[in-house]
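Work through the exercises below with the sequence and the model side by side. Each task is followed by its solution in steps.

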Amino acid sequence: MCIFAACAARQGDRLKNALYRKYRPVGFDGIIGQDVIVSTLIHQIERGTLSHAYLFTGSRGTGKTSCAKILARAVNCLSPVNGSPCGKCEVCRALASPSNIDIVEMDAASNNGVDKIRELRENVDYMPSVGKYKVYIIDEVHMLSVSAFNALLKTLEEPPEHVIFVLCTTEVHKLPATILSRCMRFDFRLVPEDKLRALVTDIFAKEGVKAEKEAIAHIARLGEGSVRDTLSVADRCMNAADGVLTYSLVLDITGSGSAEDTETLMSGIIDANAAAVVRKTEELASRGKSPLQISRELTVLSRDLILIISGASEDVAASPEGMTRLRALASRTNVPFLVRLVKALGEADAELRYSSSPRITLECALLSLCISPSPTHSGESSPGRAALAAEGGKEQAAPESAAPTVRREDMRAVTILGRLRHALRARGELRLFGEYASLPDDCAAVRGDTFTVYVPASSVAAYAEERNMRVAQECLTGICGLRLEVDEMPPSTQSRVDVLVSAARGLETEVVDGKGRKLRR
């Protein structure tokens, strides 16, 4: 054997030993996370109600091609077991041979021309050699050219009775409607993380690999719903392990940070601590973690925090210790801020793939949430301005020279306002919660030991009512210890009606619209 043939043989052996190939399912019972699809196919096989064309679509590594291969053997098996091929009959043994011509697999990515489809059309009329059906599996079918789709259309519409087509794709939106309407479509979903954990645990047990639960959980998390990606990560980690596969080793091998690292970065963003954000981002990048991965983990963490704040913590996958940390982090932020963070990360993701400096791109996106823009307050004091302190709910005059600056992106104030809303809701003060929830995030500011909320002139009395101030102050004291103050919104940010009401305060007059309808008195 020549040296090139020997190298090719060794390379083939290594590929066969890859976990995702070694443990490729041979029956429907090995397909995980696609129970509805599997049960439907099994029923069709058992009842003999097969379709002439199937379309399997979904994300990579979710079992589309594996299902297609199992289906191709099952429809020809002489004695299927629970809908799956038995693997023992003469037909199953014949179909297992690489030389069989009854199961034709075609990769449309490298065979997307019309000539290949014309050749396929010429061969479909030939009867199967060993089984009942000839099955054509076309992978990545969306890669076919327009002329190739047109050539396939007629055969797909009226194929011979002994032919079944199985089209697989990750981008179903690229298929012509004429093709879609002629196929029975099955959408493969991302596999749940708990099923991936169980799969990796089972494979490691068969391979004799000892691993920490946290390590397996992190491998499943990195798979992001793809069985193939999960097993590829597990393969790397398994081959690098010497003894027990630890969580820290998985982090080193995959170049990813721990959940605590992402939470620390999120803490810096919430606190508007630009220096901490830059330092942590640089630290993660120095460990080999890509900016795109950092962005994705922040997005997932934001989603978990939103669920916790919204009262849906049961949908968050985390250990008891992790959930304690997440709850503490969620208590310091609010949903509007997290939504803004996710939007900023989404906009940055598109740039990260093509940026010459992806880390700087990510840092700029995060710092945009930490650094406040120039003050927007005009500096003019409102003639009817009154500072309403929480102490007794009494009105206190504030010196005009102390007119505050409303900072629209004051993240500390935004965070405190969000926590105040959360505290009011948790306390059962739903009416007062509704009042504060109706205010925009940029209506608050922190000045020294005072937390000031700016409200429309017409609403000052309601917010400053003695009981309302007392309840809100009690919540605020538990949050940050600052003194609550309600102030009239600066004229530049008030609606025209509010400005008019403020100017007419103390006069016996009414405010009406152009049709004479009373607005405010």
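**Exercise 1: the neighbours of strand 4**

Y54 has V166 of strand 4 as its bridge partner. Helices (H or I, at least four residues) and strands (E, at least two) are DSSP runs, numbered from the N terminus. This is a predicted model, in which local features need pLDDT of at least 70 and side-chain atom pairs count only at pLDDT 80 or more, while totals for chains, interfaces and linings use all residues. Residues are numbered from 1 along each chain as its sequence is written, and side-chain values use heavy atoms, with hydrogens and water left out.

Task: find which strands pair with strand 4, and with which bridge partners.

Step 1. Two strands pair if DSSP finds at least two bridges between them. Strand 1 (residues 53-58) and strand 4 (residues 163-169) are joined in the parallel sense by 5 bridges. T169 in strand 4 is the bridge partner of T57.

Step 2. Strand 3 also runs parallel to strand 4, with 5 bridges between them. Here K134 has V163 of strand 4 as its bridge partner.

Step 3. Place these pairs in the sheet. The sheet is open, has 5 strands in the order 2-3-4-1-5, and its pairing is parallel. Strand 2 (103-107) and strand 5 (184-188) each have a single partner strand, so they stand at the edges with one side left without a neighbour in the sheet. From one strand to the next the twist averages 15°, where angles run from 0 to 180 degrees between N-to-C directions and axes are lines fitted to C-alpha atoms, for helices over the stretch in contact.

**Exercise 2: burial in and beside strand 4**

Task: decide whether strand 4 and T57 are buried or exposed.

Step 1. Buried means under 20% relative accessible area, exposed over 50%, and partly exposed in between (1.4 Å probe, protein chains only). In strand 4, 7 of its 7 residues are buried.

Step 2. Sort the side chains by direction. In a regular strand the side chains alternate between the two faces of the sheet. V163, F165, L167 and T169 point one way, I164, V166 and C168 the other, and all are buried.

Step 3. Turn to T57, which lies in strand 1. T57 counts as buried because its relative accessibility is 4%. Leaving out residues up to four places away in sequence, T57 touches K64, T169, V172, R185, F186, D187 and F188, contact being heavy atoms within 4.5 Å.

**Exercise 3: two helices packed together**

Task: what is the angle between helix 15 and helix 18, and which residues meet?

Step 1. Helix 15 (residues 291-309) and helix 18 (residues 358-367) pack at about 30°, with their axes 9 Å apart.

Step 2. Angles under 35 degrees count as roughly parallel, over 145 as roughly antiparallel, 65 to 115 as roughly perpendicular and the rest as oblique. Helix 15 and helix 18 are therefore roughly parallel.

Step 3. On helix 15 the residues are P291, I294, S295 and L298, and they meet P358, R359, L362 and L366 on helix 18.

**Exercise 4: cysteines**

Task: how many disulfides does the rule give?

Step 1. A disulfide is a pair of cysteine sulfur atoms within 2.5 Å. The count is 0 disulfides.

Step 2. C77 is in no disulfide, and the nearest cysteine sulfur, that of C86, is 3.4 Å away. C77 counts as buried because its relative accessibility is 9%.

Step 3. C92 is likewise in no disulfide, the nearest cysteine sulfur being that of C89 at 3.5 Å.
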